[in-house]
Structure formats: C-alpha cells, structure tokens
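Subject: Structure handover

Hello,

Here is the structure I said I would pass on. Please open it and keep it beside you while you read the notes below.

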Amino acid sequence: MSLNPAEKQRTRQDLQANRQLCPLSDEAIATALGWTPGHLQATLQVTSHPADVWRLRDFLVQAIRESGGTPAPFSVLTDDKRGAAQGWFGSWTVPPTPRE
C-alpha cells in the first residue's frame, strides 16, 4: 500500500489536525510509542514506515477520544482501508494512552 504525493499531503494534514487535538506532549506520544521525538516528527510528515503512520493515526484517535474529544476525520487512512493496510504491513498494537 503506497500513497501517492496527494494522498501523502492529505495524510500529513489529517495527522497534524489530530496532533493539535491531542492533549499529550510530543515527548509523551513518542515515549508511549517507543519512538524518538525525531521519529515522531518523521511519522507526522509521512516519511517513516507506513505501518508507523497507521499506528500514530490510531494512537492519536485513541488519545483524543480518551480525553473526551472528537478526532478529525481521516481522508486517506480510513477505517475501511485498515484491512488492506494490515494485509500489507501486518497488524499493529496501540499502546495505552499515558496520563500527563
């Protein structure tokens, strides 16, 4: 599953919108995912492994919902495309949301 340039741009925008809605710091997100802050930034820019992009997407959605918010919709990484993504990349887990 490869995204074309327009899909990557829309995914970047969707991730950034949800990052703004997420109450956690970049450090807390990166730590929860077992990443460095640099890897988090690369993933927000959709330049890391596609499975990491999906994992971040799901983590942000979870964190936003657990804080009582409503995530912004995703235009490319939609729930109906999850099966195809898991076929390409395998399944992934989303760690628990930390409490700051």
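Which residues does I29 touch, not counting residues up to four places away in sequence? The model is a predicted one. In this model, I29 touches R19, C22, L24, L40, L56, F59 and L60.

The core

I29 also appears in the largest nonpolar core, which has 25 residues. The residues with the most contacts inside this core are L15, C22, L24, I29, L40 and L56. Three helices, α2 (26–33), α3 (37–44) and α4, are the elements that give two or more residues to the core. The largest share comes from α4, with eight residues.

Salt bridges

Side chains of opposite charge can pair when their charged atoms come close. The structure holds six salt bridges, and three of them are described here, with the burial of each partner.

R19, one of the residues that I29 touches, meets D26 in a salt bridge, at 2.7 Å from N to O. The two partners are not alike in burial: R19 is buried, with a relative accessible area of 12%, whereas D26 is partly exposed at 31%. The cut-off for buried is under 20%, so R19 falls below it and D26 does not.

R57 forms a salt bridge with D58, and their closest N and O atoms are 3.0 Å apart. Here R57 is buried, with a relative accessible area of 6%, and D58 counts as buried too, at 11%.

E66 and R99 also meet through their side chains in a salt bridge, at 3.4 Å from N to O. This pair links distant parts of the chain: E66 is in helix α4 (residues 50–66), R99 is in the segment after α5 (82–89), and they are 33 residues apart. E66 is partly exposed, at 42% relative accessibility. R99 has a relative accessible area of 65%; the cut-off for exposed is over 50%, so R99 counts as exposed.

Some salt bridges share partners, and in this way R57, D58, D79 and R82 are joined into one network. R57 has a further neighbour to look at: R57 lies over the face of F74, at 4.7 Å from the ring centre.

Aromatic rings

How many aromatic pairs does a search of the whole structure find? The search finds one. The pair is made by W54 and W92, whose ring centres are 5.6 Å apart. Their planes are at 40°, so the pair is tilted. Planes under 30 degrees apart would count as stacked and planes over 60 as edge-to-face, which is why 40° falls in between.

Where do the two rings sit in the chain? W54 lies in helix α4 and W92 in the segment after α5, so the pair ties together parts that are 38 residues apart in sequence. Both W54 and W92 are buried.

Helix α5

F89 lies in helix α5 and is partly exposed, with a relative accessible area of 21%. The cut-off for buried is under 20%, so F89 does not count as buried. F89 and P50 are 39 residues apart in sequence and 7.9 Å apart in space, taken from C-alpha to C-alpha.

A good place to start is I29 and the residues it touches, among them R19 and L56. From there, go on to R57 and its salt bridge with D58, and then to the rings of W54 and W92.

Regards

Conventions: Residues are numbered from 1 along each chain as its sequence is written. This is a predicted model: local features need pLDDT of at least 70, side-chain atom pairs count only at pLDDT 80 or more; totals for chains, interfaces and linings use all residues. Side-chain values use heavy atoms; hydrogens and water are left out. A salt bridge is a side-chain nitrogen of Lys or Arg within 4 Å of a carboxyl oxygen of Asp or Glu. Buried means under 20% relative accessible area, exposed over 50%, partly exposed in between (1.4 Å probe, protein chains only). Helices (H or I, at least four residues) and strands (E, at least two) are DSSP runs, numbered from the N terminus. Rings of Phe, Tyr and Trp (its six-membered ring) pair if their centres lie within 6.5 Å; planes under 30 degrees apart count as stacked, over 60 as edge-to-face and the rest as tilted. A charge sits over a ring if NZ of Lys or CZ of Arg is within 6 Å of the ring centre and within 35 degrees of the ring normal. A nonpolar core is a set of buried Ala, Val, Leu, Ile, Met, Phe, Trp, Tyr and Cys residues joined through side-chain atoms within 4.5 Å. Contact means heavy atoms within 4.5 Å.
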